[in-house]
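The exercises below deal with burial, fold layout, salt bridges and a surface patch. Each task is followed by a worked solution.

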Amino acid sequence: ADITKLKGAGIYTVSGVLMLTKKTLTPIKGLSEAKVEKILDACAKITNGGFLNGVEMLEKRTNVVKITSGSKALDQLLGGGVESMSITEAFGEFRTGKTQLCHTLCVTSQLPRSMGGGNGKVAYIDTEGTFRPERIKPIAERFGLDPTAALENILVARAYTHEHQMSLLTQVA
């Protein structure tokens, strides 16, 4: 029943629970402060309190893939490309290529690992309304991918607030 309540609030994972505060969880209908405390304690036990030892962290890092940005110079600055399993923030002045970089990563993430890709799909959470599917076609062609297939492998959602963005992240996780 409690899991159903959490899912109804858009929380689907143990990590999702742990990323929220008691203050955020308590207003969920049917969850008292005492129940929230028990849920958080149970989640902390499952994840070992969030700590990993160095060997476990090393093992986890073996799953990290470096995705090419499409620019050898930028990849070199990034130590081989943009890392998976992490958040990379791109910021800068208007019209400096941030959206173009994101569009390119949407395509290069789908490339085979042998070509600097992640052999995967993409979730693009658009906070500024700048995703342009028509820009994917020439990028896909540049990297030898079918543009239609590349677009089918990109999930796009527009986020209007930081809370909406968190909800979208939770859904895709």
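**Exercise 1.** State what share of the 173 residues in the protein chain is buried.

Solution. Buried means under 20% relative accessible area, exposed over 50%, and partly exposed in between, with a 1.4 Å probe and protein chains only. By this cut-off, 27% of the 173 residues are buried. The model is predicted: local features need pLDDT of at least 70, side-chain atom pairs count only at pLDDT 80 or more, and totals for chains, interfaces and linings use all residues. Residues are numbered from 1 along each chain as its sequence is written, and side-chain values use heavy atoms, with hydrogens and water left out.

**Exercise 2.** Describe the layout of the protein chain from its secondary structure, box and contacts.

Solution. Begin with the elements, which are DSSP runs numbered from the N terminus: helices (H or I) of at least four residues and strands (E) of at least two. The chain has 10 helices and four strands. Read from the N terminus, their order is α-α-α-α-α-β-α-β-α-β-α-α-β-α. Next, take the box along the principal axes: the C-alpha atoms fill roughly 55 × 40 × 30 Å. Last, take contacts, meaning heavy atoms within 4.5 Å. Of those between residues at least 6 apart in sequence, 52% join residues at least 24 apart.

**Exercise 3.** How many salt bridges does the whole structure hold, and where does the pair Lys-5 and Asp-2 lie?

Solution. A salt bridge is a side-chain nitrogen of Lys or Arg within 4 Å of a carboxyl oxygen of Asp or Glu. The search finds five. In one of them, the closest N and O atoms of Lys-5 and Asp-2 are 3.8 Å apart. Both residues belong to helix α1 (residues 2–8), and because they are three residues apart, about one helical turn separates them. Lys-5 is partly exposed at 27% relative accessible area, and Asp-2 is partly exposed at 25%. A network of salt bridges links Asp-2, Lys-5 and Lys-35.

**Exercise 4.** Which elements are joined by the salt bridges Lys-22 to Glu-37 and Glu-83 to Lys-66?

Solution. Take the first pair: Lys-22 and Glu-37 meet at 2.8 Å, N to O. Lys-22 is in helix α3 (residues 22–25) and Glu-37 in helix α4 (residues 33–46), so the bridge ties together parts 15 residues apart in sequence. Lys-22 has 40% relative accessibility and is partly exposed; Glu-37, at 30%, is partly exposed.

For the second pair, the distance between Glu-83 and Lys-66 is 3.5 Å, N to O. Here strand β2 (residues 82–83) supplies Glu-83 and strand β1 (residues 66–67) supplies Lys-66, linking distant parts of the chain, 17 residues apart. Glu-83 is partly exposed at 23%, and Lys-66 is partly exposed at 33%.

**Exercise 5.** Which residues form the nonpolar patch on the surface, and which helix gives its largest share?

Solution. Patches are made of residues with over 30% relative accessible area and no salt bridge; nonpolar side chains (Val, Leu, Ile, Met, Phe, Trp, Tyr) are joined within 5 Å, like charges within 9 Å. The patch consists of Met-19, Leu-155, Met-166, Leu-169 and Val-172, together about 490 Å² of accessible area, by the Shrake-Rupley method with a 1.4 Å probe, where for residues only the protein chains shown count as cover. Helix α10 (residues 162–172) gives the largest share, three residues. One residue of helix α10 is Val-172, partly exposed at 44%.
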